[in-house]
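These are my notebook entries on a structure I went through element by element. I begin with a single residue and work outwards from there.

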Amino acid sequence: MSRPLAIAAAQMGPVVRAETRAQVVERLLLMLRDAADRGAELVVFPELALTSFFPRWELSGDALLTFFERDMPSADTKPLFDEAKRLGVGFHLGYAELTPDGHRYNTAILVERDGRVVAKYRKVHLPGHEEPEAWRPFQHLERKYFEPGPESFRVQRAFGGLVGIAICNDRRWPEAYRVLGLQGVEVVCIGYNTPIHYAPDPGQDRLAAFHNNLVMAAGAYQNATWVVGVAKGGVEEGVEGLSDSQIIGPSGEVVARSATTSDEVVVAVCDLDLCLDYKRTVFDFDRYRRPEMYTRITSQRGAVAPGDADR
Ligand code: CDT
């Protein structure tokens with residue numbers, strides 16, 4: 001049996017601060033049409049796709065709120081919804097969300113081929129720092145500008161399979177994939193903005209691409225799922241962001257990868273039934289997992305001091 005789903009990773013190059021939503025949506029539309037021409041049924045756009053990655057700046061008041069969406073779709077984003085529906089293509093889109101009661105989230109939605117918003121996810125793992133730190137060459141103020149999402153990782157029946165969403169820093173945490181994996185996930189959409197320079201430990205800079213693939217490939221394999229990792233990369237407002245978008249199969253192998261640091265669409269036909277090969281064998285969770293043992297370890301945390309094992 002096979003359940004083919006053609007998925008496009010719609011990588012973005014930089015979005016400058018002065019770029020309007022309408023201009024960004026024009027770029028998204030070009031990629032959407034390109035992806036549809038190449039047979040894609042699901043187009044995955046990155047995290048915070050509609051704006052520059054504004055947590056790099058210290059902002060307040062309207063200067064901050066201008067980066068947030070109050071409505072989805074809005075007048076500016078509606079052309080994307082309309083064109084996707086006309087083409088019969090669904091999409092994943094990351095954006096900064098301002099709720100009617102004033103909460104701010106780093107959010108992504110999943111839109112089905114008929115135009116319905118079928119899932120909304122708000123980022124759980126917020127990286128960076130809470131207050132500006134003058135020693136940094138640029139800020140990473142996600143922890144100041146966003147609340148952590150309260151709803152956890154959920155799987156949605158969509159696109160003929162089981163689809164989940166994680167956002168950027170979530171991809172470094174095995175719990176994100178595992179919570180989705182326990183719900184049987186078959187496709188995880190992950191948008192990211194990853195500055196290559198990591199100010200608290202610049203020794204990690206040279207490993208940015210390695211770690212990106214390491215975590216997503218491990219998450220895919222250990223949870224028998226496809227992972228679609230999509231960057232907004234390139235040099236954006238003087239900060240170099242990782243590109244290297246990739247579509248990874250349940251084997252952990254990369255089946256499609258971007259080759260540039262600009263707007264670029266890569267498409268792969270993902271057989272969702274390939275997940276079952278792994279879910280029914282080496283990662284048959286019901287048969288082989290030992291959740292009772294994991295609980296025991298958690299409750300004993302601290303019983304062994306770091307370094308004890310070496311003595
Ligand atoms: N957007 C995002 O979550 N970026 C982080 C940057 C590293 S931590 C400052 C990431 O995990 O890629």
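**Entry 1. Arginine 122.** I looked up arginine 122 first and found it in strand β5, which spans residues 117-122. The model is a predicted one. I asked whether arginine 122 is buried or exposed. Its relative accessibility is 13%, so it counts as buried, the cut-off for that class being under 20%. I then looked for a polar partner and noted that the side chain of arginine 122 makes a polar contact with the side chain of glutamate 151, at 2.7 Å. Glu151 also appears among the residues that arginine 122 touches, once those up to four places away in sequence are set aside. The others in that list are Glu97, Thr99, Tyr105, Asn106, Thr107, Gly149 and Pro150.

**Entry 2. The sheet that holds β5.** I traced the sheet next: it is open, has six strands with mixed pairing, and follows the order β5-β4-β3-β2-β1-β14. The edges are taken by β5 and β14 (264-271); each has a single partner strand, so one side of each has no neighbour in the sheet. On average, neighbouring strands here are turned by 25° against each other, with direction ignored.

I examined one pair inside this sheet. Strand β1 (residues 4-11) and strand β2 (residues 42-44) run parallel and are joined by three bridges. Within that pair, alanine 8 has valine 43 of β2 as its bridge partner. Helix α1 packs on the sheet and touches β1, β2, β3 (90-98) and β14, its direction making about 40° with that of β14. Helix α3 packs on the sheet as well, in touch with β3, β4 (104-111) and β5, and its direction makes about 165° with that of β3.

**Entry 3. Leucine 28.** I chose leucine 28 as a residue of helix α1, which covers residues 21-37. Because its relative accessibility is 0%, leucine 28 counts as buried. Which residues does leucine 28 contact, leaving aside its neighbours within four places in sequence? I listed Met12, Phe45, Leu50, Leu80 and Leu93. I also looked up a long separation: the C-alpha atoms of leucine 28 and methionine 293 are 47 Å apart, with the two positions 265 residues apart along the chain.

**Entry 4. The other sheet.** I found a further open sheet of six strands, ordered β6-β7-β8-β9-β12-β13 and mixed in its pairing. Its edge strands are β6 (156-158) and β13 (254-257), each of which pairs on one side only. The twist from one strand to the next averages 25°. Strands β8 (residues 187-192) and β9 (residues 226-231) run parallel, with six bridges joining them. At one position of this pair, tyrosine 192 stands opposite alanine 231 of β9. Helix α6 (residues 208-222) lies across β8, β9, β12 (246-248) and β13, and runs at about 30° to β12.

**Entry 5. The ligand.** How many residues surround the ligand? I counted 14, and the closest are Lys123, Cys168, Asn169, Arg172 and Thr194. I then went through the polar distances. A ligand nitrogen lies 3.1 Å from an N or O atom in the side chain of glutamate 142. A nitrogen atom of the ligand is 3.0 Å from a polar backbone atom of asparagine 193. For threonine 194, an N or O atom of the side chain is 2.7 Å from an oxygen atom of the ligand. Of the 350 Å² of accessible area that the ligand has on its own, the protein covers 92%.

**Entry 6. Backbone exceptions.** I closed with a search of the backbone. Most residues other than glycine have a negative phi, and most peptide bonds are trans. The peptide bond from methionine 72 to proline 73 is cis, with omega near 0°. Proline 73 sits in the loop between α2 (61-65) and α3 (78-87).

Phenylalanine 159 has a positive phi, near 55°, and belongs to the loop between β6 and β7 (161-167). Its relative accessibility is 3%, and phenylalanine 159 therefore counts as buried. Alanine 224 likewise has a positive phi, near 50°, and lies in the loop between α6 and β9. I recorded alanine 224 as buried because its relative accessibility is 1%.

How values were computed: Residues are numbered from 1 along each chain as its sequence is written. This is a predicted model: local features need pLDDT of at least 70, side-chain atom pairs count only at pLDDT 80 or more; totals for chains, interfaces and linings use all residues. Side-chain values use heavy atoms; hydrogens and water are left out. Helices (H or I, at least four residues) and strands (E, at least two) are DSSP runs, numbered from the N terminus. Buried means under 20% relative accessible area, exposed over 50%, partly exposed in between (1.4 Å probe, protein chains only). A polar contact is a pair of N or O atoms within 3.5 Å; within protein, one must be able to donate a hydrogen and the other to accept it, and residues adjacent in sequence count only if both atoms are side-chain atoms. Contact means heavy atoms within 4.5 Å. Two strands pair if DSSP finds at least two bridges between them. Axes are lines fitted to C-alpha atoms, for helices over the stretch in contact, and angles run from 0 to 180 degrees between N-to-C directions. A residue is near a molecule or strand if one of its heavy atoms lies within 4 Å of it. Accessible areas come from the Shrake-Rupley method with a 1.4 Å probe; for residues, only the protein chains shown count as cover.
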